[in-house]
Amino acid sequence: MTMAEHTGRATAIACTYIEAIASKDIDTILEVSAEDVICTSPIGKLSGTQAFRSFHEGFARMIKSVNILAVYGDDDQAVVIYEAETHPVPRAVTVELITVNGGKIASTDVIYDSAPFAEYMATVKRH
């Protein structure tokens with residue numbers, strides 16, 4: 001397959017995914033994700049839609065806004081770069097490497113600087 005024959009399926013799915021993150025649309029995030037989706041991030045590795053749902057529900061509660069900086073990819077993988085303004089951290093630049101299989105997100109590797117979030121958590125009083 002030549003570059004001209006690529007349809008950019010992963011790129012299209014990644015765009016749907018990141019737009020769903022920005023709008024806090026957890027159902028759409030799960031619709032484009034495989035049942036056995038794997039997510040690796042600075043807070044650990046999780047698998048399956050239930051764990052992925054919990055991960056995104058937690059993130060959605062923190063988000064004030066998301067600014068999509070770039071999306072690159074092809075049929076099998078995409079890279080999404082975005083800037084999230086969150087309640088604990090005013091500017092969190094995040095990169096996700098998304099792998100697609102069978103038209104669904106099979107895995108995502110989430111890369112961000114977790115230090116500002118850890119610093120914030122150290123100041124929060126436990127209930």
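**Stop 1: two buried rings**

Start by selecting Tyr-17 and Phe-52 in this predicted model; both residues are buried. Show their side chains and look at the rings. Tyr-17 and Phe-52 form an aromatic pair that is stacked, with 6.3 Å from centre to centre and 5° between the planes. Now colour the helices that carry them. Tyr-17 belongs to helix α1 (residues 9-22) and Phe-52 to helix α3 (residues 49-62), so this pair ties together parts that are 35 residues apart in sequence.

**Stop 2: a third ring**

Keep Phe-52 on screen and add Phe-55. How far apart are the ring centres of Phe-52 and Phe-55? The centres are 6.5 Å apart and the planes lie at 5°, so this pair is stacked. Trace the helix from one residue to the other: Phe-52 and Phe-55 are three residues apart in helix α3, which separates them by about one helical turn. Like the residues at the previous stop, Phe-52 and Phe-55 are both buried.

With Tyr-17, Phe-52 and Phe-55 displayed together, you are looking at one aromatic cluster. The structure holds two aromatic pairs, and you have now visited the pair of Tyr-17 with Phe-52 and the pair of Phe-52 with Phe-55.

**Stop 3: charged side chains on helix α3**

Stay on helix α3 and select Arg-53. Which residue of helix α2 forms a salt bridge with Arg-53? Select Asp-27: the closest N and O atoms of Asp-27 and Arg-53 are 3.4 Å apart. Asp-27 lies in helix α2 (residues 26-31) and Arg-53 in helix α3, so the salt bridge ties together parts that are 26 residues apart in sequence.

Next, add Glu-57. The side chains of Arg-53 and Glu-57 also meet in a salt bridge, at 3.5 Å from N to O. These two residues are four residues apart in helix α3, so about one helical turn separates them. Put the three side chains in view at once, and you can see Asp-27, Arg-53 and Glu-57 linked in a network of salt bridges.

Switch on the surface to see how much of each residue is accessible. Asp-27 is partly exposed at 46% relative accessibility, Glu-57 is partly exposed at 30%, and Arg-53 is partly exposed at 23%.

**Stop 4: a neighbour in helix α2**

Go back to helix α2 and select Thr-28, which lies in that helix. Is Thr-28 buried or exposed? With 19% relative accessibility, Thr-28 counts as buried. Add Asp-25 and look between the side chains: a polar contact of 2.6 Å joins Thr-28 and Asp-25. Then widen the selection to Thr-16 and Ala-20. Leaving aside neighbours within four places in sequence, these are the residues in contact with Thr-28.

**Stop 5: one more salt bridge**

How many salt bridges does the structure hold? There are three, and one of them is still to come on this tour. Select Glu-83 and Arg-91, whose closest N and O atoms are 2.4 Å apart in a salt bridge. Their accessibility classes are worth viewing together: Glu-83 is partly exposed at 21% relative accessibility, whereas Arg-91 is exposed, with a relative accessible area of 55%.

**Stop 6: strand β3**

Keep Glu-83 selected and add Asn-67, which lies in strand β3 (residues 63-73). Leaving aside neighbours within four places in sequence, Asn-67 is in contact with Glu-83 and Tyr-82. Asn-67 is partly exposed, with a relative accessible area of 39%. For one more distance to check in the viewer, pick the C-alpha atoms of Asn-67 and Ile-81: these residues are 14 apart in sequence and 8.9 Å apart in space.

**Stop 7: a nonpolar patch**

Finish with the surface display on, and select Tyr-120, Met-121 and Val-124. What do these three residues form on the surface? They make a nonpolar patch, with about 260 Å² of accessible area together. Zoom in on Tyr-120, which is found in helix α4 (residues 115-123). At 35% relative accessibility, Tyr-120 counts as partly exposed. You began with the tyrosine Tyr-17, which is buried, and the tour closes on Tyr-120, which is partly exposed.

Key. Residues are numbered from 1 along each chain as its sequence is written. This is a predicted model: local features need pLDDT of at least 70, side-chain atom pairs count only at pLDDT 80 or more; totals for chains, interfaces and linings use all residues. Side-chain values use heavy atoms; hydrogens and water are left out. Rings of Phe, Tyr and Trp (its six-membered ring) pair if their centres lie within 6.5 Å; planes under 30 degrees apart count as stacked, over 60 as edge-to-face and the rest as tilted. Buried means under 20% relative accessible area, exposed over 50%, partly exposed in between (1.4 Å probe, protein chains only). A salt bridge is a side-chain nitrogen of Lys or Arg within 4 Å of a carboxyl oxygen of Asp or Glu. Patches are made of residues with over 30% relative accessible area and no salt bridge: like charges are joined within 9 Å, nonpolar side chains (Val, Leu, Ile, Met, Phe, Trp, Tyr) within 5 Å. Accessible areas come from the Shrake-Rupley method with a 1.4 Å probe; for residues, only the protein chains shown count as cover. A polar contact is a pair of N or O atoms within 3.5 Å; within protein, one must be able to donate a hydrogen and the other to accept it, and residues adjacent in sequence count only if both atoms are side-chain atoms. Contact means heavy atoms within 4.5 Å.
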